[in-house]
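Here are my notes on the model you sent over, jotted down as numbered points. Have the structure open while you read, and jump around as you like.

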Amino acid sequence: MATTDNTTTQQTEVAKSGLIYGLNDRPPLRETLFAAAQHLLAIFVAIVTPPLIIASALKLDTDTTSFLVSMSLMVSGVATFIQCRRIGPVGCGLLCIQGTSFSFISPIIAAGLAGGLPAVFGATVAGSVVEMFVSRILKYARRVITPLVSGIVVTLIGMSLIKVGISACGGGEAAKTAGTFGSVENVGIAALVLVLIVFFNRSSNRYLRMGSIVIGLVVGYAVSWSLGMVDFGSVQSYGGFNYPNPFKYGLRFDISSIIGLGLVYLITSIEAYGDITANSLISGEPVEGETFMRRAQGGILADGFNSMLAGLAFCSFPNSIFAQNNGMIQLTGVASRYVGYFIAGMLVLLGVFPAVGIVFSLMPSPVLGGATLLMFGTVAAAGIRIIASQTINRKATLVMAISFSLGLSVELVPDILSQLPSTVQSIFSSGITTGGLAAIISNLVIRIKE
């Protein structure tokens with residue numbers, strides 16, 4: 001009798017939230033696959049973009065780039081399964097999809113330029129401890145990393161990444177070497193992709209809107225190929241299978257790289273808390289109390305654990321919860337975490353086949369640049385929205401002034417650190433690290449209340 005009452009209560013809550021299927025419902029196979037495919041469409045490009053941007057900035061070869069793309073897909077699938085399934089205390093038990101956040105791109109590139117891929121994966125593993133620790137002291141961490149601090153750091157991340165995006169629009173490092181950087185072809189293709197994404201994103205057709213980035217990339221890729229900018233002849237084989245190869249590139253623990261990624265892990269923890277809150281609300285689940293706090297702690301712990309797993313076992317980058325899938329739950333009316341199992345399986349399957357990674361690794365920089373420039377701009381805009389949601393008084397203005405001044409100064413005039421010890425240079429050369437630390441410290445000193 002008690003079981004029947006609980007089931008009736010759950011069905012009532014699902015009806016109240018406007019959902020077709022609640023968190024623990026099992027939709028029919030056809031509807032499950034359809035919902036999973038829509039989620040995949042929403043996050044596929046976001047998953048493969050970070051490794052492509054990082055590989056381009058670090059001048060990695062096609063084989064390495066293809067492997068990184070495949071592993072990003074595969075580890076996203078494994079991480080998504082862990083989040084949805086909740087294994088022991090690890091995972092939130094919600095329909096949460098994981099992938100590498102754009103927030104990590106800039107510090108990863110900095111780590112890679114300083115010590116190659118071993119330093120990147122070393123920092124990924126070591127820095128993940130920060131997020132796992134935050135999950136245990138979540139109540140106290142929220143008092144330190146306030147919305148104002150989070151907004152400042154997210155804005156700095158977006159501003160720093162815009163430089164990477166516009167460089168890709170001009171043709172990237174390869175074009176600089178060849179002397180074609182900023183050519184009419186490169187800038188024109190990037191502009192075409194950007195305009196197409198904006199055009200279809202404004203469409204009233206929800207499928208065109210969801211697929212706007214994919215459409216822009218496909219058209220840009222096709223135009224580039226017609227202009228002879230894509231060399232499929234350089235590929236020896238599209239067959240075979242990819243599989244995890246732990247420590248393939250080795251590990252190197254560089255203190256400056258760990259600090260840079262550790263700070264982003266800290267901010268990502270609070271972002272994950274917000275994403276889990278939004279997901280719980282949309283899914284008709286409680287957003288306060290013991291059940292919610294256990295769910296939030298498990299989700300943030302999974303973020304850190306999955307990132308450590310990515311660096312150790314998959315030679316991949318940090319993983320965090322994707323916010324865009326919350327909108328997909330609202331759109332489809334399906335909050336069932338069992339859909340997440342199918343999404344995870346699809347991601348792993350795509351990662352197994354190297355052809356997927358190869359096709360994306362051959363994508364010309366201007367095509368990717370046109371899409372990422374807009375994406376990175378939205379990151380900065382999201383940070384501004386977080387800041388704007390707070391009361392901007394005299395003290396808040398002072399914290400913002402200190403943080404943006406110090407963060408942007410080392411990005412715009414990096415030579416300001418040239419006379420300092422090399423360790424100090426490596427730590428503070430990133431505007432995200434400098435500005436983020438300035439935001440945290442000044443916020444604590446000035447004692448701004450939320």
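1. Let's start with a charged pair. Glu 411 and Lys 163 form a salt bridge, with their closest N and O atoms 3.0 Å apart. Glu 411 sits in helix α17 (residues 394–412) and Lys 163 in helix α6 (residues 147–169), so this pair ties together parts of the chain that are 248 residues apart in sequence. Bear in mind that this is a predicted model.

2. How exposed are the two partners? Glu 411 has 18% relative accessibility and so counts as buried, the cut-off for that being under 20%. Lys 163, on the other hand, is partly exposed, with a relative accessible area of 48%. As a general reminder, side chains of opposite charge can pair when their charged atoms come close.

3. How many salt bridges does the structure hold? The count is three. Another of them joins Arg 295 to Glu 285, with 3.3 Å between the closest N and O atoms. Arg 295 belongs to helix α12, while Glu 285 is in the loop between α11 and α12, 10 residues away. Arg 295 is buried because its relative accessibility is 11%, whereas Glu 285 comes out as partly exposed at 24%.

4. Helix α12 also has a salt bridge within itself. Glu 290 and Arg 294 meet through their side chains at 3.4 Å, N to O. Both residues lie in α12, four residues apart, or about one turn of the helix. Why does that spacing suit a pair? An α-helix has 3.6 residues a turn, so residues three or four places apart point the same way. Glu 290 is exposed, at 63% relative accessibility, and Arg 294 is partly exposed, at 40%.

5. Staying on α12, have a look at Met 308, which is placed in that helix. Met 308 is partly exposed, with a relative accessible area of 22%. Leaving out residues up to four places away in sequence, Met 308 touches Val 125, Ser 128, Val 129 and Met 132. Its C-alpha is also 7.4 Å from that of Pro 318, which is 10 residues away in sequence.

6. Cys 315 is worth a click. This residue lies in the loop between α12 (290–313) and β2 (320–321), and has a positive phi of about 50 degrees although it is not a glycine. Buried or exposed? Cys 315 counts as buried, with a relative accessibility of 1%.

7. There are other positive phi values to check. Phe 247, also not a glycine, has one of about 60 degrees, and this residue is in the loop between α10 and α11 (255–282). Lys 59, just after α2, takes a positive phi of about 55 degrees.

8. Helix α2 itself (residues 29–57) deserves a moment. What is centred on Ile 43 in α2? A kink of about 40 degrees. As for length, the 29 residues of α2 should span 42 Å at 1.5 Å a residue, and the end C-alpha atoms are 42 Å apart, which agrees. I'd put those two results side by side in your own notes.

9. Leu 33 is in α2 too. Together with Leu 29 and Phe 342, Leu 33 makes a nonpolar surface patch of about 260 Å². Leu 33 is partly exposed, with a relative accessible area of 36%; a residue needs over 30% to be part of a patch, so Leu 33 passes that cut-off.

10. For a contrast in exposure, go to Ser 66 in helix α3 (residues 62–85). Ser 66 is buried, with a relative accessible area of 5%. Which residues does Ser 66 touch, not counting those up to four places away in sequence? The list is Asn 242, Pro 354, Gly 357, Ile 358 and Ser 361.

11. Last one: Val 223, in helix α10 (residues 212–226). With a relative accessible area of 26%, Val 223 is partly exposed. Setting aside neighbours within four places in sequence, Val 223 is in contact with Ile 189 and Leu 192. The C-alpha atoms of Val 223 and Ile 189 are separated by 7.6 Å, although the two residues are 34 apart along the chain.

Technical notes: Residues are numbered from 1 along each chain as its sequence is written. This is a predicted model: local features need pLDDT of at least 70, side-chain atom pairs count only at pLDDT 80 or more; totals for chains, interfaces and linings use all residues. Side-chain values use heavy atoms; hydrogens and water are left out. Helices (H or I, at least four residues) and strands (E, at least two) are DSSP runs, numbered from the N terminus. Buried means under 20% relative accessible area, exposed over 50%, partly exposed in between (1.4 Å probe, protein chains only). Contact means heavy atoms within 4.5 Å. Patches are made of residues with over 30% relative accessible area and no salt bridge: like charges are joined within 9 Å, nonpolar side chains (Val, Leu, Ile, Met, Phe, Trp, Tyr) within 5 Å. Accessible areas come from the Shrake-Rupley method with a 1.4 Å probe; for residues, only the protein chains shown count as cover. A salt bridge is a side-chain nitrogen of Lys or Arg within 4 Å of a carboxyl oxygen of Asp or Glu. The expected span of a helix is 1.5 Å times one less than its number of residues. The bend at a residue is the angle between axes fitted to the seven residues ending there and the seven starting there.
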